[in-house]
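Trainee: I am new to this structure and would like a close look at a single part of it, the nonpolar core. Could you take me through that part slowly, with each term explained as it comes up?

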Amino acid sequence: MIMGLLDKIASMVGDGLPGETENTGILQQAISLINSPDVGGLSGLIEKFQNSGLGDTAASWVGTGQNQPVSGEEMINALGSDKIREIASRLGMSRTEAADGLASALPQLI
C-alpha cells in the first residue's frame, strides 16, 4: 500500500522534472532516502538538513507553505559526498547531476 502510494507520488512529481529516464532513477533514489533505515526515515533526513544549517528549508518541505529550494551543493553538504557519489554511481551519472536531481525531487516528494 505504502509503495503504491509512493509510486503514485513519484509519478506526479516526475511529471514536473526534465529528463524522463533520469527522473525515474532520481525519484527512486529520493524515495529510498526517505525510507532508508540508515538515514532514519523522513525524520532522520530532515535532521540531516537541520544539522547542515538548512532547517528552515527542510521545514518548508513538510509544512503547508511554499517549498524553499535547495541547491545541489547544499544537497551534498546535507547528505554527504559519499552518499551522493553512491547514488550517482547507481544511476550512471555525475555527482553534480545526482545532487542537482535530488535537489529538484526531494522538496517535491517530501
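Mentor: Of the 110 residues of the protein, 42% count as buried, where buried means under 20% relative accessible area, exposed means over 50%, and partly exposed lies in between, with a 1.4 Å probe and protein chains only. This is a predicted model, in which local features need pLDDT of at least 70 and side-chain atom pairs count only at pLDDT 80 or more, while totals for chains, interfaces and linings use all residues. Residues are numbered from 1 along each chain as its sequence is written, and side-chain values use heavy atoms, with hydrogens and water left out.

The protein has 7 helices and 0 strands, these being DSSP runs numbered from the N terminus (helices are H or I with at least four residues, strands are E with at least two). The largest nonpolar core has 29 residues; such a core is a set of buried Ala, Val, Leu, Ile, Met, Phe, Trp, Tyr and Cys residues joined through side-chain atoms within 4.5 Å. At least two residues of this core come from each of helix 2 (20-35), helix 3 (41-51), helix 4 (55-62), helix 5 (72-79), helix 6 (81-91) and helix 7 (95-109), and helix 7 gives the most, with 7 residues.

The members that touch the most others are Phe 49, Met 75, Leu 79, Ile 84, Leu 102 and Leu 106. If we leave aside neighbours within four places in sequence, Leu 102 is in contact, that is, has heavy atoms within 4.5 Å, with Ile 26, Ala 30, Leu 33, Met 75, Leu 79, Ile 84, Ile 87 and Pro 107.

Two of these partners, Ile 84 and Ile 87, are buried residues of helix 6, together with Ala 88. Seen down the axis of helix 6, its buried residues fall within an arc of 100°, so they line one face of the helix; the arc is that of the directions from the helix axis to the C-beta atoms. The face turned away from that buried side carries the exposed residues Asp 82 and Ser 89.

Phe 49 also belongs to the 1 aromatic pair that the structure holds. Rings of Phe, Tyr and Trp (its six-membered ring) pair if their centres lie within 6.5 Å, and planes under 30 degrees apart count as stacked, over 60 as edge-to-face and the rest as tilted. The rings of Phe 49 and Trp 61 have centres 5.0 Å apart and planes at 75°, so the pair is edge-to-face. Both Phe 49 and Trp 61 are buried.
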